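Student: Hey, can we go through this structure together? I'd like to start with pockets, but I don't really know what counts as one.

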Amino acid sequence: MVINWYPGHMAKTRRLILENIKIVDVVVELVDARIPYSSRNPDVDEMTASRPKVMVLNKCDMADPAATEAWVAYYKSRGKTAVAVDAISGKGLGQFKAAVDLVMRDKYQKDAEKGMKKRPPKLMIVGIPNVGKSAFINKLAGRAGAKAEDKPGVTRTKQWIRVSGGFELLDTPGILWPRFDDEKTGLHLAFTGAIRDEVYDIVEAGCLLCAFFAQNHPELLQTRYKLDDLAGKQGHEILAEIGKRRGCLVSGGEVDTGRAARILFDEFRGCKLGKITLEMP
Ligand code: G4P
């Protein structure tokens, strides 16, 4: 499937992140818990290597909890600190704060040895579009009565949000470009709505999502759309069946597969088919 996507802002973002990294203590990298691999920027480690990092598996309310646990364990096994968060309800924010404390421990200790007072760590949030950066910032900030303030002496152009008793957030997150190094990653971004529907063929993507379900969770599609056994059926046949069930017909009785695909995507993204993680570590 061809995705017509041009990463025009890559150089600018890279420059902004490299500039900002000097004034933050911790990088907070958000990924989508349903697609932790595909929603990770391929260059983020290299760009942010000079700072400790906390990985946030956001939208964990939409992902399979067992799969999210497996991802957290996987990151841990690779020496990374990761927490699962739902930025809408605020679930996981307590664990997030503890994780920031953990990655700051060495710095706090060094500061104390130098006789410096403990000060709130400065965080920069980074992630691809739609991963929930704004929601996460708002939730963290709203929670503790945030106050945006200018901090002359640090930088005049940047806004810091002080989360009382916690830390300071750079309120302009680093918007990273997604990974497009193989077809599967592009598809996963399309399935979850991380890239706009206009940049790929929605019918083709719909057929591929049907094929994914037929292989991994056939019972969920069958129950939702009252379909017969899916064994041996191709994605396009399943999509046509879904269209028929939902009355997506055009004159002559043919199925409007575009409409059927849009219904399928809306319901998949709205978790009507269940909490589904598309990829495992
Ligand atoms: P961004 O800054 O990284 O681009 O993402 P943003 O916060 O705008 O979030 C993108 C969409 O994802 C928003 O939905 C937001 O509500 C939703 N979202 C963010 N975090 C979570 C989460 O942890 N769980 C769930 N279920 N949803 C999350 P939207 O439909 O684009 O807008 P709206 O629903 O806020 O109107």
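Tutor: Sure. A pocket is an open set of grid points where a 1.4 Å probe fits, with protein on both sides within 12 Å along at least five of seven lines. Keep in mind that this is a predicted model.

Student: Okay, how much space lies in the largest pocket?

Tutor: About 300 Å³. The lining is made of 14 residues, and Cys60, Thr68, Ala84, Lys91 and Gln95 are the closest to the centre.

Student: Which elements give two or more residues to that lining?

Tutor: Helix H3 (65-77) and strand E3 (81-84) do. H3 has the largest share, with five residues.

Student: And what's the lining like by class?

Tutor: It's a mix: six nonpolar, three polar and five charged residues.

Student: Switching topic. How many salt bridges does the structure hold?

Tutor: There are 17. Side chains of opposite charge can pair when their charged atoms come close.

Student: Show me one. What does arginine 34 pair with?

Tutor: Arginine 34 bridges to aspartate 32, and their closest N and O atoms are 2.7 Å apart.

Student: Is arginine 34 buried or exposed?

Tutor: Buried, because its relative accessibility is 3% and the cut-off for buried is under 20%. Aspartate 32 is buried too, at 5%.

Student: What about arginine 162, which residue does that one meet in a salt bridge?

Tutor: Glutamate 168, with 2.7 Å from N to O. Here arginine 162 is partly exposed, at 36% relative accessible area, while glutamate 168 is buried at 2%.

Student: Now glutamate 198 and arginine 196: how far is it from N to O in their salt bridge?

Tutor: That one is 3.3 Å. Glutamate 198 is exposed, with 62% relative accessibility, and arginine 196 is exposed as well, at 55%.

Student: Which residues do salt bridges with shared partners join into one network?

Tutor: Glu29, Arg40, Asp45, Lys53 and Lys80.

Student: Cool. Let's do rings. How many aromatic pairs are there in the whole structure?

Tutor: A search finds eight. Take tyrosine 74 and tyrosine 75: their ring centres are 5.6 Å apart and the planes sit at 55°, so the pair is tilted.

Student: Where do those two sit, buried or exposed?

Tutor: Tyrosine 74 is partly exposed, with a relative accessible area of 29%, whereas tyrosine 75 is buried at 4%. Together with Trp71, they form one aromatic cluster.

Student: Then why is the pair of phenylalanine 96 and phenylalanine 136 called edge-to-face?

Tutor: Look at the angle: their planes are at 85°, so the pair counts as edge-to-face, since the cut-off for that label is over 60 degrees. The ring centres are 5.1 Å apart.

Student: Which helices are they in?

Tutor: Phenylalanine 96 is in helix H4 (residues 93-113) and phenylalanine 136 in helix H5 (residues 133-143). The two are 40 residues apart, so the pair links distant parts of the chain.

Student: And are those two buried or exposed?

Tutor: Phenylalanine 96 is buried, at 0% relative accessibility, and phenylalanine 136 is also buried, at 0%.

Student: Last one: which ring does lysine 118 lie over?

Tutor: Lysine 118 lies over the face of tyrosine 108, at 4.4 Å from the ring centre. You can also look at lysine 122, which lies over the face of tryptophan 160 at 5.5 Å from the ring centre.

Definitions and conventions: Residues are numbered from 1 along each chain as its sequence is written. This is a predicted model: local features need pLDDT of at least 70, side-chain atom pairs count only at pLDDT 80 or more; totals for chains, interfaces and linings use all residues. Side-chain values use heavy atoms; hydrogens and water are left out. A salt bridge is a side-chain nitrogen of Lys or Arg within 4 Å of a carboxyl oxygen of Asp or Glu. Buried means under 20% relative accessible area, exposed over 50%, partly exposed in between (1.4 Å probe, protein chains only). Rings of Phe, Tyr and Trp (its six-membered ring) pair if their centres lie within 6.5 Å; planes under 30 degrees apart count as stacked, over 60 as edge-to-face and the rest as tilted. Helices (H or I, at least four residues) and strands (E, at least two) are DSSP runs, numbered from the N terminus. A charge sits over a ring if NZ of Lys or CZ of Arg is within 6 Å of the ring centre and within 35 degrees of the ring normal. On a 1 Å grid over the protein atoms alone, a cavity is a set of points where a 1.4 Å probe fits but cannot get out, and a pocket is an open set with protein on both sides within 12 Å along at least five of seven lines; lining residues have an atom within 4 Å of a point. Grid points are joined across faces, edges and corners, and a volume is the space filled by probe spheres set on the points. Ala, Val, Leu, Ile, Met, Phe, Trp, Tyr, Cys and Pro count as nonpolar, Asp, Glu, Lys and Arg as charged, and the others, Gly among them, as polar.
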